[in-house]
Amino acid sequence: MLSTAALHPGLRWRDLQYFSWEASRLQAWLETIPRGVDLADADEDLVAEVARLLERFGGHPGLSILSKVLHAKRPRLVPILDRTLTDWYRPISSRRGKSAWQDCVRLLHGDLAARSNRTILRAIRSEIRVELGAVVPSELRVADIAIWMQVRGFRSE
């Protein structure tokens, strides 16, 4: 929860209560989700399962917060839902907010699996490994950062 609080400064008491009350249900779901699988490599059933978070965990405090918590548990598989991600895929999905989640998961899966994107993401991760050592973000997280920078108007030299 600490990592989620850092990513989501608006975390409220009722959000924390939700995760306390639903801990066993969330843990049971996580036990069905393999560790160490990249979203790019996930089969269609696993992608569909991640895309169904909204249906599976109705009554959640917010899909953005839920995705951050589950991303912390499966950082290579579960993307973080935020406005930047939905803005990136809106031209294709025509959806916003939590209604865009399923489209974002599926579209991001396709983008991450594309050979040219994988080559670029692996090169970026190699550069990060040189700079940071053992702390290297997943390809999913690198893509998330790149999407955020593009949507926010950052340009590389």
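## What sits over α9

The cover over the buried residues of α9 includes α8 and α10 (139-151). This is a predicted model, so keep that in mind as you look around. The buried residues in question are Arg118, Leu121 and Arg125. Look down the axis of α9 and these buried residues fall within an arc of 70°, so they line one face of the helix. The general rule behind such a pattern is that an α-helix has 3.6 residues a turn, so residues three or four places apart point the same way.

Now turn to the face of α9 that points away from its buried side: there you'll find the exposed residues Thr119, Glu127, Val130 and Glu131. As for length, α9 has 18 residues and spans 25 Å from its first C-alpha to its last. That is close to the 26 Å expected at 1.5 Å a residue. Just past the end of α9 comes glycine 133, with a positive phi of about 80°.

## How α8 meets α9

Helix α8 covers residues 101-113 and helix α9 covers residues 115-132. Their axes are 5 Å apart, and the two helices pack at an angle of about 75°. Angles from 65 to 115 degrees count as roughly perpendicular, which means that α8 is roughly perpendicular to α9.

Which residues make the contact? From α8 come Asp111, Leu112 and Ala113, and from α9 come Arg115, Asn117, Arg118 and Leu121. Sorted by type, the residues of this contact are 3 nonpolar, 1 polar and 3 charged. Two names here should ring a bell: Arg118 and Leu121 are also among the buried residues of α9.

## From α7 across to α8

Serine 93 belongs to helix α7 (residues 83-93). Is serine 93 buried or exposed? Its relative accessible area is 10%, so serine 93 is buried, the cut-off being under 20%. Leaving out residues up to four places away in sequence, serine 93 touches Ala100, Asp103 and Leu107.

Pick up leucine 107 from that list and you land in helix α8. Leucine 107 has a relative accessible area of 25%, which makes this residue partly exposed. Setting aside neighbours within four places in sequence, leucine 107 is in contact with Tyr89, Ile92 and Ser93. Along the chain, leucine 107 and serine 93 are 14 residues apart, and their C-alpha atoms are separated by 8.8 Å.

## Serine 94 in the loop

Move on to serine 94 and you're in the loop between α7 and α8. Serine 94 has a relative accessibility of 62% and counts as exposed, whereas serine 93 is buried.

The backbone of serine 94 deserves a look too. As a rule, most residues other than glycine have a negative phi. Serine 94 is not a glycine, yet its phi is positive, at about 60°.

## The two sides of α2

Back towards the start of the chain, helix α2 (residues 13-21) has Asp15, Tyr18 and Phe19 buried. Around the axis they cover an arc of only 90°, so they sit on the same side of α2. What do the buried residues of α2 pack against? Their partners are α3 (23-32) and α6 (63-73).

Swing round to the other side of α2 and the exposed residues are Trp13, Arg14, Ser20 and Trp21.

Definitions and conventions:
Residues numbered from 1 in each chain as written. Predicted model: local features only at pLDDT ≥ 70, side-chain atom pairs only at ≥ 80, totals over all residues. Heavy atoms only, no water. Axes fitted to C-alpha atoms, helices over the stretch in contact; angles between N-to-C directions. Helix = DSSP H or I, 4+ residues; strand = E, 2+ residues; numbered from the N terminus. Parallel < 35°, antiparallel > 145°, perpendicular 65-115°, else oblique. Contact = heavy atoms within 4.5 Å. Nonpolar A, V, L, I, M, F, W, Y, C, P; charged D, E, K, R; others polar. Expected span 1.5 Å × (residues − 1). Buried < 20%, exposed > 50% of the residue type's maximum accessible area, 1.4 Å probe, protein only. Arc of directions from axis to C-beta.
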